[in-house]
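Let's take a walk through this structure together, starting at one side chain and working outwards. Have the sequence and the 3D view open as you read.

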Amino acid sequence: GVVVRERKAAPEVLVVHRPRYGDWTFPKGKAEPGESDEACALREVEEETGLRCELEAELPSTEYLDAQNRPKRVRYWRMRPVGGEIELLHEVDEARWLPVDEARGLLTYARDVALLDAL
């Protein structure tokens, strides 16, 4: 999910660092059996950041090959935090709220930068 919080100066997005991959990206993960993509997105954001969110608009999907050369497709939604606090318990060791332009400079993957353009 691309979690957005409104600020007076400018909206901020939440980016996370995953030490396993050494990257800065948006929270994401794999669906459990029988789980909808929407439920998966909400669960993964909460597991990785501690934030409970509401889905807003669906953003463009991304497609790429993983480290084992397998095709991956990831669906994203703009999300609004509705509860919880930043708590890093699962796969993430750092999270930052950043204005969109700063996030653009920190994100590791061009496909994630494209999501910012879609906001």
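A good place to start is Trp-24, which sits in strand E3, residues 23–25. (Helices and strands here are DSSP runs, numbered from the N terminus: H or I of at least four residues for a helix, E of at least two for a strand.) Before going on, a word on what you are looking at: this is a predicted model, in which local features need pLDDT of at least 70 and side-chain atom pairs count only at pLDDT 80 or more, while totals for chains, interfaces and linings use all residues. Residues are numbered from 1 along each chain as its sequence is written, and side-chain values use heavy atoms, with hydrogens and water left out.

Back to the tryptophan: is Trp-24 buried or exposed? With a relative accessibility of 11%, Trp-24 counts as buried, because the label "buried" is given under 20% relative accessible area, "exposed" over 50%, and "partly exposed" in between (1.4 Å probe, protein chains only). And what does Trp-24 touch, once residues up to four places away in sequence are set aside? The list takes in Val-15, Val-16 and His-17, then Glu-94 and Arg-96, and finally Leu-106, Leu-107, Thr-108, Tyr-109 and Asp-112. Contact here means heavy atoms within 4.5 Å. Val-92 is 68 residues away from Trp-24 along the chain, yet their C-alpha atoms are separated by 9.7 Å.

Now zoom out to the chain. There are three helices and six strands, and reading from the N terminus they come in the order β-β-β-α-β-β-β-α-α. The radius of gyration is 13 Å, close to the 14 Å that the globule rule gives for 119 residues, so the chain is as compact as a globular protein of that length. (That radius is taken over C-alpha atoms, and the rule is 2.2 Å times the number of residues to the power 0.38.) Along its principal axes, the C-alpha trace spans about 40 × 30 × 25 Å.

What share of the 119 residues is buried? The figure is 39%. If you take the contacts with a separation of 6 or more, 62% of them are between residues 24 or more positions apart. On the outside, the chain exposes about 6800 Å², with carbon and sulfur atoms supplying 48% of that; these areas come from the Shrake-Rupley method with a 1.4 Å probe, and for residues only the protein chains shown count as cover.

Next, a couple of acidic residues in helices. Glu-44 lies in helix H1, residues 37–49, and is buried at a relative accessible area of 6%. Leaving aside neighbours within four places in sequence, Glu-44 is in contact with Lys-28, Gly-29 and Lys-30. Glu-102 belongs to helix H2, residues 100–106, and is partly exposed, at 49% relative accessibility. The C-alpha atoms of Glu-102 and Val-13 are separated by 9.5 Å, although the two residues are 89 apart along the chain.

The loops have something to show as well. Asn-69 is not a glycine, but has a positive phi of about 65°. Look for Asn-69 in the loop between strand E4 (51–65) and strand E5 (71–84), where this residue is exposed with a relative accessible area of 55%. Glu-91, also not a glycine, has a positive phi of about 70°. That residue is in the loop between E5 and strand E6 (94–99), and Glu-91 is partly exposed at 45%.

Last, the cysteines. How many disulfides does the structure hold? Zero, where a disulfide is a pair of cysteine sulfur atoms within 2.5 Å. Cys-40 is in no disulfide, and the nearest cysteine sulfur, that of Cys-53, is 14 Å away. Cys-53 is likewise in no disulfide. Cys-40 is buried at 6% relative accessibility, and Cys-53 is buried too, with a relative accessible area of 12%.
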